[in-house]
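Morning, everyone. I have one structure to walk through today. Please take a look at it before I start.

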Amino acid sequence: MKNYSALIIDIKRSRSYTVEDRNSIQNFIITAIKNLNEVFSDSLAREVIFSAGDEIQGLFNTPESAYLYFRLFYMLVLPVRIRAGIGIGEWNVKVDNAGTTAQDGPAYHNARSAIENAEKTIGYSVLLYSGKGSDIFVNELINTPFALTGNHSEYQNELMLLSELIYPLDYRHTIDISKINLISDLVEQKNRLAYYKYKKNKSVTTYPFDRIEFLSSESVRTDCAGHNSGFYAAGGKIRGMTTRLSGIMNISRQSIEKTFRTGNIYEARNSAIVALKFMNKYL
């Protein structure tokens, strides 16, 4: 039988949230899930939804698509902290005309095992469980991008997210880039919420999405499946990337290059490419 990839995301609770913040964050997350489901519509076996409490759940056709979904969701909700489990296996209890919470099978059981173990680890944002011996290597690789960017400031995270919308990492057309502006709309909504405004550095007067008219900017897909630079990864750094971002944001290319260096953005993109290629080969 065909294997699927179940994704379970848990929102880490914070005592610092007021009731108002908690409500606004949850409403934003619901919208984020809805928009990301549109962007990943061709990759979903069952749409991602809030399943219970602070948990989010969905079913994907491939582990690469589940990982790419989580990666974008992680950037969108930062500094809200989340963790995830990806389970690979069969989907053998299929309930027609019902959502993901009505479905069952080894993919879901493995995702549950993965997220329960993610809660016990120190520093892992996501764990994948397929039952194969390659899982230990996959899990180190898929967490490297988050380790590189885990301490991002809001400015660094927003610039990385902008680079992902202009030059999205993809795997065999997992992402519908014709709908990528739905993610840009999410950032604009996020930036109006009191919680996210409070978290921003007050000494920074403008942020990347404050400066742009994204609708006029065409996205250029980076298909990691076709990436081949020999014995190392280099596809995360696109020729002319910082020049184009400089034009969009109307700031110097040197300023953008500095943020890319200090935020490990090229390294995070390259390590994500390696993780995707490794998953495809060994899972």
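Let's begin with helix α4. In α4, the buried residues are Asp135, Val138, Asn139, Ile142, Asn143, Pro145, Phe146 and Thr149. Keep in mind that this is a predicted model. So what covers those buried residues of α4? The cover includes α2, β5, α5 (154-166) and α10 (265-282).

Now the shape of α4. The helix runs over residues 135-149, which is 15 residues. At 1.5 Å a residue it should span 21 Å, and its end C-alpha atoms are 22 Å apart, so the two agree. Where does α4 kink? At Asn143, by about 35°, shortly before the proline Pro145. Asn143 and Pro145 are both among the buried residues I listed.

Next, the sheet. It is open, it has 5 strands, and the pairing is mixed. The order is β2-β3-β1-β4-β5. Which strands stand at the edges? They are β2 (44-52) and β5 (126-129). Each has a single partner strand, so one side of each is left without a neighbour in the sheet. From one strand to the next, the twist averages 15°.

Look at β1 and β4. Strand β1 covers residues 3-11, strand β4 covers residues 82-90, and the two run antiparallel. They are joined by 9 bridges. Leu7 stands opposite Ile86 in β4.

Two helices come next. Helix α2, residues 63-77, lies across β1, β2, β3 (55-60), β4 and β5. It runs at about 170° to β4. Helix α3, residues 106-118, also packs on the sheet. It touches β1, β3, β4 and β5, and its direction makes about 150° with that of β4.

One residue in β1 is worth a stop: Ile8. Is Ile8 buried or exposed? Buried: its relative accessible area is 1%, and the cut-off is under 20%. What does Ile8 contact, leaving aside neighbours within four places in sequence? The list includes Glu55, Ile56 and Gln57, then Arg83, Ala84 and Gly85, and also Tyr108, Ala111, Arg112 and Ile115.

Last, the whole protein. It has 10 helices and 7 strands. The radius of gyration is 18 Å, close to the 19 Å that the globule rule gives for 283 residues, so the protein is as compact as a globular protein of that length. Along its principal axes the C-alpha trace spans about 55 × 50 × 35 Å. Of the 283 residues, 53% count as buried. Among contacts between residues at least 6 apart in sequence, 76% join residues at least 24 apart.

How values were computed. Residues are numbered from 1 along each chain as its sequence is written. This is a predicted model: local features need pLDDT of at least 70, side-chain atom pairs count only at pLDDT 80 or more; totals for chains, interfaces and linings use all residues. Side-chain values use heavy atoms; hydrogens and water are left out. Two strands pair if DSSP finds at least two bridges between them. Helices (H or I, at least four residues) and strands (E, at least two) are DSSP runs, numbered from the N terminus. Axes are lines fitted to C-alpha atoms, for helices over the stretch in contact, and angles run from 0 to 180 degrees between N-to-C directions. Contact means heavy atoms within 4.5 Å. Buried means under 20% relative accessible area, exposed over 50%, partly exposed in between (1.4 Å probe, protein chains only). The expected span of a helix is 1.5 Å times one less than its number of residues. The bend at a residue is the angle between axes fitted to the seven residues ending there and the seven starting there. The radius of gyration is taken over C-alpha atoms; the globule rule is 2.2 Å times the number of residues to the power 0.38.
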